[in-house]
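Me: I would like a close look at a single part of this model. Please keep it brisk and connect the part to its surroundings.

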Amino acid sequence: MGNKKILIGMLLFVSILCYGLLPQETLSDRVKIGVGDDMSGFVLDYMLRDESLKLSDHLEAYFIKDC
């Protein structure tokens, strides 16, 4: 009975510790698009940086390292 209480206490402590150390997700009003780090990512990055398109107000790129 005592071992179960110690085990539950340790699990609770570790879970609280891990929750505190994990990065917190932040929400934004922009749509995040996942693209590869190849030519498609380069094209999307160029389009987002182009001021005449004004896409950076609504879109955000998330580069996936797939290679």
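Is Arg-49 buried or exposed, and what is its relative accessible area? Please take the helix around that residue as the part to examine, then work outward.

Reply: This is a predicted model, and what follows is computed from it. Arg-49 is exposed, because its relative accessible area is 61% and the cut-off for exposed is over 50%.

Start with the helix. Helix α2 covers residues 39-49. Arg-49 does not stand alone there: its side chain meets that of Asp-45 in a salt bridge, at 3.0 Å from N to O. The two residues are four apart in α2, so about one helical turn separates them. That spacing fits a general rule. An α-helix has 3.6 residues a turn, so residues three or four places apart point the same way. Asp-45 has a relative accessibility of 23%, so this residue counts as partly exposed. The bridge thus joins an exposed residue, Arg-49, to a partly exposed one, Asp-45.

Now the nonpolar side of the story. A surface patch is formed by Met-39, Phe-42, Val-43, Tyr-46, Met-47 and Leu-53. Together these residues have about 620 Å² of accessible area. Two members deserve a closer look. Phe-42 lies in α2. Its relative accessibility is 53%, so Phe-42 counts as exposed. Met-47 is also placed in α2. At 32% relative accessibility, Met-47 counts as partly exposed. From Met-47 to Phe-63, the distance is 14 Å between C-alpha atoms, with their positions 16 residues apart in sequence.

Next, the place of α2 in the fold. Strands β1 and β2 pair in the parallel sense, over six bridges. The chain runs from β1 through α2 to β2, and this β-α-β crossover is right-handed. Within the pairing, Ile-33 has Ala-61 of β2 as its bridge partner. In a regular strand, side chains alternate between the two faces of the sheet.

The strands carry salt bridges too. The structure holds three salt bridges. One is the Arg-49 to Asp-45 pair already described. Another joins the side chains of Arg-30 and Glu-60, at 3.7 Å from N to O. That pair links distant parts of the chain, 30 residues apart: Arg-30 sits in the loop between α1 (2-21) and β1 (31-36), and Glu-60 sits in strand β2 (residues 59-64). Glu-60 also forms a salt bridge with Lys-32, whose closest N and O atoms are 4.0 Å apart. Here Glu-60 in β2 and Lys-32 in β1 are 28 residues apart, and the pair again links distant parts of the chain. Arg-30, Lys-32 and Glu-60 are therefore linked in a network of salt bridges. Arg-30 counts as partly exposed, because its relative accessibility is 36%. Glu-60 counts as partly exposed as well, at 22%.

Last, the other helix named above. α1 has 20 residues and reaches 29 Å from its first C-alpha to its last. That is close to the 28 Å expected at 1.5 Å a residue. α1 is hardly covered: the count of buried residues among its 20 is zero.

To return to the starting point: Arg-49 is exposed, and its salt bridge with Asp-45 lies within α2.

Technical notes
Residues numbered from 1 in each chain as written. Predicted model: local features only at pLDDT ≥ 70, side-chain atom pairs only at ≥ 80, totals over all residues. Heavy atoms only, no water. Patch = residues over 30% accessible without salt bridge, like charges linked within 9 Å, V, L, I, M, F, W, Y side chains within 5 Å. Areas by Shrake-Rupley, 256 points an atom, 1.4 Å probe, with all protein chains shown as cover. Buried < 20%, exposed > 50% of the residue type's maximum accessible area, 1.4 Å probe, protein only. Pairing = 2+ DSSP bridges. Right-handed = clockwise from strand over helix to strand, strands pointing away. Expected span 1.5 Å × (residues − 1).
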